[in-house]
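User: I would like to learn how to read an interface between two chains. Please take me through an example.

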Protein chains: 2
Amino acid sequence: MPKIIVEVMPKADLLDPSGKAVAGALQRKGHSEISNVRIGKRIELHYENTPTEKDLENAKQIAADFLSNGVIEDVVNVTVEN
Amino acid sequence: MPKIIVEVMPKADLLDPSGKAVAGALQRKGHSEISNVRIGKRIELHYENTPTEKDLENAKQIAADFLSNGVIEDVVNVTVEN
């Protein structure tokens, strides 16, 4: 199934409490090499046919307008995966 | 900041109600080319230094044991990003 993958992360200067909690837990388990953790979203858009350039443009627009909240999140990647 | 990216998705044969809701909304907005949407997690592990092969092995273990629930989720990707 052809897909477009949209990756959304909380903005770097915002707190990410769930990420902080995971980072703390990993450090308590001895993974001191991991300094921080941030948790975002990975959204798969499924297509019947291989996405065209136009589909990718549309997906970037959808990612910015609809799948992310620009106040608190950044779209870090929009890629086709066949 | 060097990172390891862990991507976790709901298993293919499980319902994903938030993904279904987004797919329905996109179709109502006229994006009929998008047949389905699934929403998973993108987790960034931050490292002070470039992750070694050993760090990547550890991260795969952490992803399977700790960052995902094997009953309902699959780890789809664990990759180094410098």
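Analyst: We will go through the interface first, then the symmetry and the salt bridges. Keep in mind that this is a predicted model.

User: How many residues of chain B are in contact with chain A?

Analyst: Counting heavy atoms within 4.5 Å, 30 residues of chain B touch 30 residues of chain A.

User: How is the size of an interface given?

Analyst: The size of an interface is often given as the accessible area lost when the parts come together. Here chain B and chain A bury about 2700 Å² between them, and 63% of that area is on carbon and sulfur atoms. On the chain B side, B:Arg42, B:His46 and B:Phe66 lose the most area to chain A, together 23% of what that side buries.

User: How many residue pairs are in polar contact between chain B and chain A, and which element of chain B gives the most to the side that touches chain A?

Analyst: The count is 10 residue pairs in polar contact, both residues at pLDDT 80 or more. At least two residues each of the side of chain B that touches chain A come from strand 1 (3–10), helix 1 (17–28), strand 2 (34–47) and helix 2 (53–67) of chain B. Strand 2 of chain B gives the most, with 14 residues. By type, the residues of this side divide into 15 nonpolar, 6 polar and 9 charged.

User: How do strand 2 of chain A and strand 2 of chain B run, parallel or antiparallel?

Analyst: They run antiparallel, and 13 bridges join them. As one example of the register, A:Tyr47 has B:Ile34 as its bridge partner in strand 2 of chain B.

User: What turn lays chain B on chain A?

Analyst: A turn of 180 degrees with a shift of 0.0 Å along the axis does so, with an RMSD of 0.0 Å. The two copies are therefore related as by a two-fold rotation axis. In chain B, the C-alpha nearest the axis belongs to B:Lys41, 2.2 Å from it. Of the interface residues of chain B, 100% are also interface residues in chain A, so the copies meet through the same surface.

User: How many salt bridges are there between chain B and chain A, and how many over all chains?

Analyst: There are 2 between chain B and chain A and 12 over all chains. Across the interface, A:Glu7 pairs with B:Arg42, with the closest N and O atoms 2.7 Å apart. Within chain A, A:Lys11 forms a salt bridge with A:Asp74, where the closest N and O atoms are 2.9 Å apart. That pair links distant parts of the chain, 63 residues apart: A:Lys11 is in the loop between strand 1 (3–10) and helix 1 (17–28) of chain A, and A:Asp74 is in strand 3 (residues 73–81) of chain A.

Key. Residues are numbered from 1 along each chain as its sequence is written. Chains are lettered from A and ligands numbered from 1 in the order in which they are written. This is a predicted model: local features need pLDDT of at least 70, side-chain atom pairs count only at pLDDT 80 or more; totals for chains, interfaces and linings use all residues. Side-chain values use heavy atoms; hydrogens and water are left out. Buried area is the accessible area (1.4 Å probe) that two parts lose on being put together, summed over both. A salt bridge is a side-chain nitrogen of Lys or Arg within 4 Å of a carboxyl oxygen of Asp or Glu. A polar contact is a pair of N or O atoms within 3.5 Å; within protein, one must be able to donate a hydrogen and the other to accept it, and residues adjacent in sequence count only if both atoms are side-chain atoms. Helices (H or I, at least four residues) and strands (E, at least two) are DSSP runs, numbered from the N terminus. Ala, Val, Leu, Ile, Met, Phe, Trp, Tyr, Cys and Pro count as nonpolar, Asp, Glu, Lys and Arg as charged, and the others, Gly among them, as polar. Two strands pair if DSSP finds at least two bridges between them. Copies are superposed by least squares on the C-alpha atoms of residues with pLDDT of at least 70 in both.
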